Amino acid sequence: MKIVLINPPHTAIGSRIPDDHLPPLGLLSVGGPLIDDGHSVSLIDAEFGPMAMAEIVSRAVASHPDLVLIGHSGSTSAHPTARVIAEAVKRSNPATRIVYGGVFPTYHWREVLAETKAFDILVRGEGEESMRRLADCLATGRPLATIPGIAYRDAHGQIQATQPAQAIADLDAYRVGWELIDHADYSYWGGKRAVVMQFSRGCPHLCNYCGQRGFWTRWRHRSPELFAREIARLYREQGVELINLADENPTSSRKAWRAFLEAMIAENVPVQIVGSTRADDIVRDADILHLYRQAGVVRWLLGMENTDEATLALIRKGGAKATDREAIRLLRQHDILSMATWVVGFEEEKLRDLWRGFRQLLSYDPDQIQALYVTPHRWTPFFRFARDRQVIETDIRKWDYKHQVLKMRHLNPVVLVACVKLIEVAVQARPKALMRILFHRDREQRHSMRWYTEMGRRVWFHEILEFLFRRRHLKDGPTLENFWGAPQDAEEESMLRPQRHMKSLDAAE
């Protein structure tokens, strides 16, 4: 079969401002197994430009594909664009089957299939095995009902969903289709040739606002040695200099993570690694942080979310302020940069809470910060807590964690955005931070901090201009439940747990 993969252009300012682009890992992960099954697969990465709609459609239908597969990592906020692309492709060539995958369609399959007939089939959960089976099913004419993990309309136009697919037990059984991209087109960290990769999927922790944990169902990891070998091959054959880990929590198993670090050190390639992890894992690994640095780890994003203990308890973060502070100190000891995320927009927050958060951030002394807005997803337990809050932003392209979407009881949007923007400047421009940007002892780290500062400055101004001239918040919007629908936390786990043995936390130290 001829299959075209489309990565829609994203509307987020953070995607539009930087000159760097990262490859669409989800689509490449699906593309690799399809190629190995003998299908003809091509990729249209519409992030570049961004590509105009007419060009996307023209390129999509040019080869008369049997299937067009659309997906994006920013699943919720990219959905409106994905829908427009699907409808345009259908108008151009009604016979083309369009498949849609990702986190948002996994949970909103009923609504997506009801709102437009452009999407023929939705893939729910991990896509590698489901797409292999689906492509084979369509090629041989077997009934769609035989494929687990999909949703579709039957011959009578009724929306149907098959039983959930099983989560992949062996992540090493499926390869990423790197041949679908030109590595020279993709960079990060200030022009370094870069890719996105996953060592693990899922997270064993129970943060109730997380929109990713349930999607992956259970924490699993790749073979540490095979993963390190793949990174080394990408460096030697494609000149890849930087790996951006897409894992929710790659360090969950100390045993598996240490094995990966040692395998990377043995490969002896000068690749830099950035990603996200938990502060308590950093503190746990205080005695092996030198291995982190030797393996190429140069920055961790630490999901600290909030500095208020009551809020941390509400969202079941399981963290502590003392641990956060110690993790940043330990990372700095080993010349590893720290980026602290800080989430605002909780209903009861007042000015004094923002002031306390600002002071707490100063005491943490992170190298970089990222301010985010609480964005509840319907399939998470936190949605149930927030179901009666009013929505002030009904354009779901803005549901990207960088825009306030829910009304607060004590602060209006003008006050909140002003405080957040001032706090960002105050933290990033404090003397300690500026001294590190100018005089950090590691030249590569100076480069990365200057790149991030420059990119952040540009995004900061665009966010202010957008708020002043393009945002129109609702004064009396619908409740969260009326806007999205009833809570879906009973369906949070999108796939069945694997029945056979798998690499998991159960066997880890």
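This is a short walk through a sheet, two helices that pack around its strands, and a helix from later in the chain. Please keep in mind that the model is predicted.

Let's begin with the sheet. It is open and has seven strands, in the order S2-S1-S3-S4-S5-S6-S7, and its pairing is mixed. At the edges lie S2 (40-45) and S7 (159-161), each of which pairs on one side only. From one strand to the next, the twist averages 20 degrees.

Now look at the S2 edge. Strand S1 (residues 2-7) runs parallel to S2, and six bridges join the two. If you want one pair to find on screen, take Leu-5, whose bridge partner in S2 is Leu-43. Helix H3 (residues 53-62) packs on the sheet here, touching S1 and S2, and its direction makes about 175 degrees with that of S2. S1 also meets helix H4 (residues 75-92), which lies across S1, S3 (67-70) and S4 (97-101). The angle between H4 and S4 is about 175 degrees.

Further along the chain comes helix H19, with 27 residues from 443 to 469. Its first and last C-alpha atoms are 40 Å apart, close to the 39 Å expected at 1.5 Å a residue. At its start, a side-chain oxygen of Asp-442 comes to within 2.8 Å of the backbone nitrogen of Glu-444.

Which residues of H19 are buried? They are Gln-445, Ser-448, Met-449, Trp-451, Tyr-452, Met-455, Val-459, Glu-463, Glu-466 and Phe-467. As you trace them, recall that an α-helix has 3.6 residues a turn, so residues three or four places apart point the same way.

Definitions and conventions. Residues numbered from 1 in each chain as written. Predicted model: local features only at pLDDT ≥ 70, side-chain atom pairs only at ≥ 80, totals over all residues. Heavy atoms only, no water. Helix = DSSP H or I, 4+ residues; strand = E, 2+ residues; numbered from the N terminus. Expected span 1.5 Å × (residues − 1). Buried < 20%, exposed > 50% of the residue type's maximum accessible area, 1.4 Å probe, protein only. Polar contact = N/O pair within 3.5 Å; in protein donor to acceptor, adjacent residues only side chain to side chain. Pairing = 2+ DSSP bridges. Axes fitted to C-alpha atoms, helices over the stretch in contact; angles between N-to-C directions. Contact = heavy atoms within 4.5 Å.
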